[in-house]
Each structure stands twice: as C-alpha cells, then as structure tokens.
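The following exercises are to be worked with the sequence and the three-dimensional model side by side. Each task is followed by a solution in steps.

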Amino acid sequence: MHYLAYGSNLHPLRLALRVPNCRLVGTVQLEGCRLAFRKRGSDGSSKCNLDLTGNPADVAHAAIYELPEDEVHHLDLAEGLGAGYYKEHMTITLDGRPLPVFVYLASPSHLLASPEPYHWYKAIVLAGARMHRFPAEYVRQIAAVASKADPDDARRLEMEELLARLGDYP
C-alpha cells in the first residue's frame, strides 16, 4: 500500500517508529492542495491537515511511502483513524505514472478556526520538509506558523528527544 505523508509523518525515521517496514518511494508536489495546521488534536493543539482546495495556485508537498498491508493498522492507531482523521483514497502522479495512495484527512468536526500546534510538532513537520529538500519558500511558510509551548513536560521532553534523533538521521 502507498501512503501520502504531508505532516509529522514526512520524516522517514518518524514514520518508521510507527510502521517499522515503511519504505520511501518519492516525493510529490500536489496542486490544488494546501498544508494547514487546522486539525484539532487530542492533546490540546492543532495538527496538520491537507486542505483539498482545488485551486491550482495552492501547492502542498508530500512524501510517498510504501507500507506493508499488515502494518497499516499501526498507523491508523497513531493517526487516530475515526477520531479526527478519516482515510481517503486517491490517485497521484509519481514520475509520470498514476499511483493509488491513501491519505489521512481531518474530519470536518475536528477542524479549528484558530489553530496553533505545539512547538515540537511544528519542528517535526519542518524536519521532514527539510529532509526531503522541499522548496525553501514552502519550508519558510511552515516555519512561519504560530506555535505554542506544550504544557505536558513529559510529552515535550519525549518529542524533543525524537527531534534530536531526526536531526541525526542520514
């Protein structure tokens, strides 16, 4: 199965911690889509969503991963399938060929009017965007998103340890 990652799962190490046998296939530019930190997370912050605007001026960047079918349920659990995200199937073009993928999109009931991710969450998304060498302007747009401190010290420290590992990833 092919998975379209656009947020915190962009980075291969982050995704491998959830789906051990994932394999990066490539990256794509998605016209008519916009990355937004609008999904209400269960931890009190906002998470990424891929807004399907249909406007060709809107562009998002994503990574395509191949996942073993018997490991997809790990990702379903991590993403909160059915509790804020739903799974959408679509066909994208990779290297000039159509490729069926699945992607997690925010349920309308979980979209926020004034979202704000935690600092560590935004940093994980940035680490993935930089690792894939997405365009500088796209990375700047992510970096410009307002974020806030996580009040849960244990979770913040755990995510900061993950960020240190992402920085060391080849």
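Accessible areas come from the Shrake-Rupley method with a 1.4 Å probe. The model is predicted, and every value below is computed from it.

**Exercise 1. Describe the overall build of the chain and its surface.**

Solution.
Step 1. Begin with the secondary structure: the chain holds 5 helices and 7 strands. Read from the N terminus, the order of elements is β-α-β-β-β-β-α-β-β-α-α-α.
Step 2. Turn to the dimensions. The C-alpha trace spans about 45 × 35 × 35 Å along its principal axes. For 170 residues, a compact globule would have a radius of gyration near 15 Å, and the chain agrees with this because its own value is 15 Å.
Step 3. Consider burial and surface. Of the 170 residues, 48% count as buried. The chain exposes about 8,500 Å², of which carbon and sulfur atoms supply 51%.
Step 4. Examine the contacts. Among those between residues at least 6 apart in sequence, 73% join residues at least 24 apart.

**Exercise 2. Classify the aromatic pair of Phe 37 and Tyr 121, and locate both residues in the chain.**

Solution.
Step 1. A pair of aromatic rings is described by the distance of the centres and the angle of the planes.
Step 2. The whole structure contains 7 aromatic pairs. In the pair of Phe 37 and Tyr 121, the centres are 6.2 Å apart and the planes make an angle of 85°. Planes over 60 degrees apart count as edge-to-face, and this pair is accordingly edge-to-face.
Step 3. Phe 37 belongs to strand S3 (residues 33-40) and Tyr 121 to helix H3 (residues 119-131); the pair thus links distant parts of the chain, 84 residues apart.
Step 4. Buried means under 20% relative accessible area. Phe 37 is buried because its value is 6%, and Tyr 121 is buried because its value is 5%.
Step 5. Widen the view: Phe 37, Tyr 118, Trp 120 and Tyr 121 make up one aromatic cluster.

**Exercise 3. Find the rings over which the charged ends of Lys 39 and Lys 87 sit.**

Solution.
Step 1. For Lys 39, the ring is that of Tyr 85, with the charged end 4.6 Å from the ring centre.
Step 2. For Lys 87, the ring is that of Phe 102, and the distance to its centre is 4.7 Å.

**Exercise 4. Characterise the surroundings of Ser 147.**

Solution.
Step 1. Ser 147 is located in the loop between helix H4 (136-143) and helix H5 (153-168).
Step 2. Ser 147 counts as buried because its relative accessibility is 18%.
Step 3. Leaving aside residues up to four places away in sequence, Ser 147 touches Glu 116, Pro 117, Tyr 118, His 119 and Lys 122.
Step 4. With His 119 there is also a polar contact of 2.7 Å between the side chains.

**Exercise 5. Which backbone feature marks Asp 95 and Arg 133, and are these residues buried or exposed?**

Solution.
Step 1. Most residues other than glycine have a negative phi.
Step 2. Asp 95 is not a glycine, yet has a positive phi of about 55°. Arg 133, likewise not a glycine, has a positive phi of about 55°.
Step 3. Asp 95 lies in the loop between strand S6 (85-94) and strand S7 (97-106), whereas Arg 133 lies in the loop between H3 and H4.
Step 4. Asp 95 counts as exposed because its relative accessibility is 69%; Arg 133 counts as exposed because its value is 74%.

Definitions and conventions
Residues numbered from 1 in each chain as written. Predicted model: local features only at pLDDT ≥ 70, side-chain atom pairs only at ≥ 80, totals over all residues. Heavy atoms only, no water. Phe/Tyr/Trp six-rings, centres within 6.5 Å; stacked < 30°, edge-to-face > 60°. Helix = DSSP H or I, 4+ residues; strand = E, 2+ residues; numbered from the N terminus. Buried < 20%, exposed > 50% of the residue type's maximum accessible area, 1.4 Å probe, protein only. Lys NZ or Arg CZ within 6 Å of the ring centre and 35° of its normal. Polar contact = N/O pair within 3.5 Å; in protein donor to acceptor, adjacent residues only side chain to side chain. Contact = heavy atoms within 4.5 Å. Rg over C-alpha atoms; globule rule 2.2 N^0.38 Å.
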